[in-house]
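Student: Please take a close look at a single part of this structure and set it in the context of the whole chain. I should like each cut-off to be stated along the way.

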Amino acid sequence: KKVSFTKEQQALMKVIIDAYNKHQIPQDVAKKLLQDKYSTEENFLLLTEMATSQVQVLVEFTKNIPGFLSLDREDQIALLKGSAVEAMFLRSAQALNKKMPIGHTEVLEERIRKSGISEEFIKPMFNFYKSIGELHMVLEEQALLTTITILTPDRPYVKDQPAVERLQETALDLLRKMCVLHHPQEPQYFARLLGRLTELRTLSHYHAEMLASWRVNDHKFTPLLCEIWDVQ
Ligand SMILES: CC(C)c1onc(-c2c(Cl)cccc2Cl)c1COc1ccc(-c2ccc3[nH]c(C(=O)O)cc3c2)cc1
């Protein structure tokens with residue numbers, strides 16, 4: 001089936017892909033995953049550093065989403081706080097499923113499994129990672145899915161939801177076309193991608209409990225994570 005993009009859609013895709021490629025965890029931070037200390041404590045500290053770096057990357061990426069900086073300032077904050085965990089599940093899923101630099105994939109998985117997260121959360125978390133891997137998303141789809149997650153209108157405290165809805169719909173129209181272009185044999189592919197967003201919301205609820213159990217065991221987070229997750 002012939003897929004055609006408008007000039008605006010081509011421009012939007014280019015801006016989003018450039019931002020997505022530009023804003024990655026710095027390699028010196030990612031390399032720390034290869035350190036040879038594997039205690040639960042050490043894993044937690046490393047993952048805290050990765051998450052902090054990932055949030056900084058996420059903020060820079062979000063600022064490049066066309067229209068985002070024109071939103072009400074407080075709504076910008078509400079969207080970032082409401083989507084940070086979900087965006088990081090998508091980014092860590094990409095890292096775990098993509099052939100990262102030698103050994104990073106297994107090491108990241110090992111550290112997540114042994115960082116004090118209770119088994120009841122590990123199972124759904126790695127089911128999600130597996131289901132993302134099975135989709136074999138192209139980079140455009142990953143970048144657009146992250147954009148759509150960030151531009152979710154019904155996050156807590158968002159005042160002007162219609163303004164966010166308009167931006168999200170533009171990204172959804174583009175993603176729908178991308179799916180037809182890259183997965184012509186799977187008419188349901190777009191619907192499957194959106195199904196992952198529902199699973200992300202569930203994981204986000206699990207994550208709130210993960211944070212609570214870490215805090216009970218007196219785990220410290222960085223100021224940036226405390227701010228974005230409203231802890232401490
Ligand atoms: C505060 C820490 C302990 C934490 O709390 N929840 C989570 C948490 C967890 Cl486990 C799971 C999912 C979401 C969150 Cl938010 C985390 C750790 O979060 C991350 C861990 C790794 C990465 C990440 C992303 C991209 C990467 N690329 C590479 C690379 O080598 O190229 C490494 C890498 C790591 C991002 C967040």
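Tutor: The answer below turns to one helix, after some remarks on the chain as a whole.

This is a predicted model, in which local features need pLDDT of at least 70 and side-chain atom pairs count only at pLDDT 80 or more, while totals for chains, interfaces and linings use all residues. Residues are numbered from 1 along each chain as its sequence is written, and side-chain values use heavy atoms, with hydrogens and water left out.

The protein chain has 10 helices and zero strands; helices (H or I, at least four residues) and strands (E, at least two) are DSSP runs, numbered from the N terminus. Its radius of gyration is 18 Å, close to the 17 Å that the globule rule gives for 232 residues, so the chain is as compact as a globular protein of that length. That radius is taken over C-alpha atoms, and the rule is 2.2 Å times the number of residues to the power 0.38. Along the principal axes, the C-alpha atoms fill a box of roughly 55 × 40 × 30 Å. Buried residues account for 50% of the 232, where buried means under 20% relative accessible area, exposed over 50%, and partly exposed in between (1.4 Å probe, protein chains only). Of the contacts (heavy atoms within 4.5 Å) between residues at least 6 apart in sequence, 76% join residues at least 24 apart.

The part chosen is helix H6, residues 119-135. Its 17 residues reach 25 Å from first C-alpha to last, close to the 24 Å expected at 1.5 Å a residue; the expected span is 1.5 Å times one less than the number of residues. The buried residues of H6 include Phe-121, Phe-126, Phe-128 and Tyr-129, and also Pro-124 and Gly-133. These buried residues of H6 pack against H4, H5 (104-113) and H9. After H6 comes His-136, whose phi is positive, near 50°.

Within H6, Ile-132 counts as buried at 7% relative accessibility. Leaving aside residues up to four places away in sequence, Ile-132 touches Leu-90, Ala-93, Asn-97, Met-137 and Arg-196. Between the C-alpha atoms of Ile-132 and Met-50 the distance is 20 Å, with their places 82 residues apart in sequence.

Helix H8 (residues 161-182) offers a second view of the packing. At 1.5 Å a residue, its 22 residues should span 32 Å, and the end C-alpha atoms are 31 Å apart, which agrees. Among the buried residues of H8 are Leu-167, Leu-172, Leu-174, Leu-175, Met-178 and also Gln-168. They belong to a buried set that packs against H1 (7-22), H4 (73-97), H7 (139-150) and H9 (189-216). H4 and H9 are thus partners of buried residues in both H6 and H8.

Helix H3 (residues 40-63) contains Ser-53, and Leu-58 is also found in H3. Ser-53 is buried, with a relative accessible area of 6%, and Leu-58 counts as buried at 5%. Again setting aside residues up to four places away, Ser-53 touches Ile-25, Pro-26 and Val-29, whereas Leu-58 touches Leu-80, Ala-84, Ala-87 and Ile-150.
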